[in-house]
Amino acid sequence: MAQAGADKRRSGYQDMGAALQKMQDDDTANPGMLFVQLGQQLWAKPAGGNNKACGDCHSIGDMKGVAARYPAMSKDGDKPIDLEGRIRLCRTANQQAEPLAPESREVLSLAAFVANQSRGLPIAPPADPRLAPFREQGEAIYRRRQGQLNLSCAICHDDNAGKKLAGVTIPQAHPTGYPLYRLEWQVLGSLKRRLRNCLIGIRAEAYPYDAVAYVALEIYLMDRARGMVFESPGVRP
Amino acid sequence: MPGTTKERTTRRTFIAGVALVSVLPFAPARATPEAMAAAIKEVVGDNAIREGRVTLDLPPLIENGNAVPLAVSVESPMTEADHIKAIHVFNEKNPQPHVFDARLSPRNGKAVVATRIKLGDSQKIVAIAETSKGEFFSASADVIVTLAACLEDLT
Amino acid sequence: MTQVLINAPKTAKKGEVIELKALILHVMETGFRPGTSGRIIPRNIIERFTASWNGAEIFRMDFSPAISANPFVSFFAVASESGKISFRWTGDEGFAVEESVAIDVA
């Protein structure tokens, strides 16, 4: 999983010990794969007023590369949307089915199944000029000091990445493995959940769950990780 | 599980008590080296415990105590006459001292078991192998468990 | 029906020692954690995992609350004859799951 020679960027995978790397690499030991399997079943399950399954409109092959180029601009709106948001939107708008709650097992499993189709591909944000202001917004958030601890993301993840914080190596924070199985959560979770953990960690008030700020931040982080290998479902401590 | 019924009654009584006290992150009572020694004695009785034959694999530094990869392997011909019939693993600082008990036979070919365990603190882990001849062998490991720097709010 | 992932070879030579791996989705709630109300979340774990080869038990493992959520187990077995390898998990709240794989032994 190492990046090419002069590229100093490291995935969180490289900051883990050998035992956890092995857990991620083995599809029959990686707990995230349980959710990929569930996602595969949900993909084929008809739902809603149209009684259509995801697989009735999309071929699995269509999904290759999708997670590696998300977030994207929402088709109807003027806002960018992350992968979980896109799945939830499809569920109500196209399947005409009951909405799936954010961070629910169903949404995460579908996202895991879709994201797994991009595993091994380079992260490739789309060249959509409409994303530019959101990427700038994301970068501004990344560099801004926040919370009672008055820390910015950049202070830990740019300036101090590689050093130890409470016995753990500070990662560079590239979203290479999402949705991922975080051992701390004991379940699969989204990047948004991880970002909220960070905000709480620096004693800031987490933004409202549907805030565009999270998507903007993800757009910036994915751009910063451009070209790195997509690993979903990752395993992280 | 040796002593399971007794343990559960005790735990229920204890849990009722904890609810009345201000909240601690872990139930503190059972976690002691003495509890581990008692649990080991329940399995081994008065028999001698010998060193050797058992290898306990744990990462030396554990990034998160919720899922620690652990493997126990025991040297044995695994024949009808001489095989490992059980592997017992214990801990000394979790709320209760057992980790797992595995039953094996010559049908396994190799006495190797791997799983993932929860460790609430840096502590000693002990693995005890029981042979078909009634002998006990053990190995132990001291591990360091680091806690996550940015914890999630449960609310 | 919960999620299970089994890793077993589809074929083996008679007498070959093969590795079997099984992963299952389960919360493995220890019974020691306080919830947001401050009250302890009740224990809900898998208590026993067994594997059988054509109906004969080849492995048994009793779990404690110290086994991680979404438990993973790996162990070995001598390939004796063709047939079915079954994996069974039982535990609190009437939990009972069984999954099988076929194996061809030549």
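**View 1. Chain B brings together two helices and nine strands.** Welcome to a tour of a predicted model, starting with chain B. Read from the N terminus, its elements follow the order α-α-β-β-β-β-β-β-β-β-β, so the helices come ahead of the strands in this DSSP-based numbering. Of the 155 residues in chain B, 40% are buried. Contacts in chain B with a separation of 6 or more are 67% made up of residues 24 or more positions apart.

**View 2. Strand β4 of chain B is mostly covered.** Here we zoom in on residues 68-74 of chain B, the stretch that forms β4(B). Six of the seven residues in this strand are buried. On one pairing, β4(B) runs antiparallel to strand β2 (residues 54-57) of chain B, and four bridges join the two. To find your place in this pairing, look for L56(B), whose bridge partner in β4(B) is V72(B).

**View 3. Strands β4 and β7 of chain B are joined by seven bridges.** Staying with β4(B), we now turn to its pairing with β7(B), which is also a strand of chain B. The two run antiparallel. A handy landmark is P69(B), which stands opposite R116(B) in β7(B). Between them, the pairings of β4(B) therefore involve β2(B) and β7(B), with a pairing requiring at least two bridges found by DSSP.

**View 4. Strand β7 of chain B also pairs with a strand of chain C.** Let us follow β7(B), residues 111-117, across to the neighbouring chain. Its partner there is β6(C), and the two pair in the antiparallel sense over two bridges. For a residue to centre on, try A114(B): opposite this alanine stands S74(C) in β6(C).

**View 5. Chain C meets chain B through 27 of its residues.** Those residues of chain C are in contact with 34 residues of chain B. Which elements of chain C give two or more residues to this side? They are β5 (56-63) and β6 (72-78) of chain C. The largest share, seven residues, comes from β6(C). By class, the side of chain C that touches chain B has 18 nonpolar residues, together with six polar and three charged ones.

**View 6. Chain C is built with eight strands and zero helices.** Stepping back to chain C on its own, its elements run β-β-β-β-β-β-β-β from the N terminus. The C-alpha atoms fill a box of roughly 60 × 20 × 20 Å along the principal axes. Of the 106 residues in chain C, 39% are buried. If you like contact maps, take those contacts in chain C between residues at least 6 apart in sequence: 57% of them join residues at least 24 apart.

**View 7. Three strands of chain A form an open sheet.** Our last stop is in chain A, where the strand order is β6-β5-β7 and the pairing is mixed. Which strands are at the edges? The edge strands are β6 (187-189) and β7 (235-236) of chain A, each pairing on one side only. Strand β5 of chain A, residues 180-182, runs antiparallel to β6(A), and three bridges join them. Within this pairing, Y181(A) has L188(A) in β6(A) as its bridge partner.

Conventions
Residues numbered from 1 in each chain as written. Chains lettered and ligands numbered in written order. Predicted model: local features only at pLDDT ≥ 70, side-chain atom pairs only at ≥ 80, totals over all residues. Buried ≥ 20, exposed ≤ 12 C-beta atoms within 10 Å, placed from the backbone. Contact = placed C-beta atoms within 7 Å. Nonpolar A, V, L, I, M, F, W, Y, C, P; charged D, E, K, R; others polar.
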